[in-house]
Amino acid sequence: MEKSVYLDNNATTKVDKEVVESMMKYLKDDYGNPSSLYTLGQNARSAVEDSRKRVASILNCEPRDVFFTGSGTESDNIAVKGVARRYKNKGNHIITSAIEHHAVLKSVEHLAKEGFTYDIAKVGEDGIVDVDHLKSLIKPETILISVMYANNETGAIQPIEEIGKIAKEREIYFHTDAVQGAGKLTLDVKKLNVDMLSLSGHKFHAPKGIGILYKRTGINPIPLFHGGHHELSVRPSTENVPYIVAVAKALEIAYRDIDEHRAKQTMLKERLKAGITKNIGNILLNTPDNSVFNTLNISFVGIEGESILFSLDEFGIAVSTGSACTSGSLEASHVIMAMGRDHTTSHGSVRFSLSKYTTEEEIDYTIDKVKSVVEKIRKISPYK
Ligand SMILES: Cc1ncc(COP(=O)(O)O)c(C=O)c1O
């Protein structure tokens, strides 16, 4: 079999076998509609409510505050647009950060067309939001702050607890896109001081197309869709029972085994970092020390990240440049640019993102191939 080393787990992850097993019953046997009153339907309802409880116990919230959605993007859109629209009589100003995922940034830009105004908090060279700057942007009419938990490109962990405290003191709603924090950082919403939090199943070994939104009781976002009473009308549509079971199972596994995952991936990430730093000159680390344990982002000066990506692909190694959604366009990453890197350095950034399935042998193979690929490209490029 050809070699396959998957180091793009911030884009998506392999579905865990245990997760697949947990959902099969609801595809094959208990396929009823959870809104139906007969036994087949009620079996499905029990599975949905049981999953909600399991998620709530990890989020340290009430089950009624957990909503199942179609994706991380959808959770972000409900939180940002739904809350802004609902509370626009209180104020029309929103604050977000320069390194958000497009699911948040584009939602905020869209709201600007509806008469909202917004400001963008800057980040330091380390890719971490400048809290003093964010604070200075707050106005009496600010109703919502949305800052992500961990950045998808650099892995930088954001000061969510601190921003949450600032928002709470000023009675501003606070949302965090925690999509890249799941399975890596605590999701205790009380500890984090968040009013709303978004998750996406496919980033932690559940299938694609299932998201979670936590929202504190009392916050009532205007839904994006109108329909039935499913998910208290926050997200109407017949519940995706197998995927709901799967996402709850995947989250449970992620936190059941988190110590083991942290220890192994921290060791592998350090090995990768040391291997690259020792063997390759003129690189720039885009991942700060305070980062999630699976992510390492490096700029190889003088080379486009895409050339490295395609060359590594020939050796069966999957990595990415920028986020998955922006790859395909040759725009420099807005995240790396926001950190003050120039255009060329931003273009040369490569993201390695590990998972619980990554092995030491795969990391050593990757170090070896990155070294030869970078040397080869630098030889034939104008790089000096
Ligand atoms: C930080 C972040 N937010 C949101 C999303 C969107 O999630 P989904 O693919 O489930 O829509 C992603 C996916 O790349 C992400 O990394």
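Which helix lies across β5 and β6, and at about what angle does it run to β6? In this predicted model, the helix in question is α6, formed by residues 160-169, and its direction makes about 160° with that of β6. The two strands beneath this question are themselves partners, since β5 (residues 142-146) and β6 (residues 173-177) pair in the parallel sense over three bridges. Within these two strands the reader can locate Ser146, which stands opposite His175 of β6.

The pair β5 and β6 belongs to a wider arrangement, an open sheet of seven strands that follow one another in the order β2-β8-β7-β6-β5-β3-β4, with mixed pairing. At the edges of this sheet are β2, residues 66-69, and β4, residues 117-121, each of which pairs on one side only. If direction is ignored, neighbouring strands of the sheet are turned against each other by 20° on average. Helix α3, which covers residues 72-86, also packs on this sheet, where it touches β2, β3 (93-97), β5, β6, β7 (196-200) and β8 (211-215), and its direction makes about 160° with that of β7.

Helix α3 leads on to the ligand, because, with three residues, α3 gives the most to the shell around the ligand, where helices are taken as DSSP runs of at least four residues. The ligand has 13 residues around it, and those that come nearest are Thr73, Asp177, Gln180, Ser200 and Lys203. Sorted by class, this shell holds eight polar residues, three charged residues and two nonpolar ones.

Several polar side chains can be followed to oxygen atoms of the ligand. For Thr73, an N or O atom of the side chain is 2.5 Å from a ligand oxygen atom, while for Gln180 the corresponding distance from a side-chain N or O atom to an oxygen atom of the ligand is 2.8 Å. His101 also takes part in this picture, with a polar side-chain atom that lies 3.4 Å from an oxygen atom of the ligand. Of the 390 Å² of accessible area that the ligand has on its own, the protein covers 90%.

A second open sheet is found further along the chain, and it consists of three strands in the order β9-β10-β12 with antiparallel pairing. Its edge strands are β9 (283-285) and β12 (349-353), each pairing on one side only, and neighbouring strands are turned by 25° against each other on average when direction is ignored. Strand β10, residues 295-300, runs antiparallel to β12 and is joined to it by five bridges; here Ile298 stands opposite Val350 in β12. Helix α9, made up of residues 258-279, packs on this sheet and touches β9, β10 and β12, and its direction makes about 10° with that of β10.

One further residue can be traced from its helix to its contacts. His133 lies in helix α5, which spans residues 131-137, and, once neighbours within four places in sequence are left aside, His133 is in contact with Ile120, Ala121 and Lys122. Another histidine, His202, is 69 residues away from His133 along the chain, and the C-alpha atoms of the two are separated by 33 Å.

Notes:
Residues numbered from 1 in each chain as written. Predicted model: local features only at pLDDT ≥ 70, side-chain atom pairs only at ≥ 80, totals over all residues. Heavy atoms only, no water. Pairing = 2+ DSSP bridges. Axes fitted to C-alpha atoms, helices over the stretch in contact; angles between N-to-C directions. Contact = heavy atoms within 4.5 Å. Near = heavy atom within 4 Å. Polar contact = N/O pair within 3.5 Å; in protein donor to acceptor, adjacent residues only side chain to side chain. Areas by Shrake-Rupley, 256 points an atom, 1.4 Å probe, with all protein chains shown as cover. Nonpolar A, V, L, I, M, F, W, Y, C, P; charged D, E, K, R; others polar.
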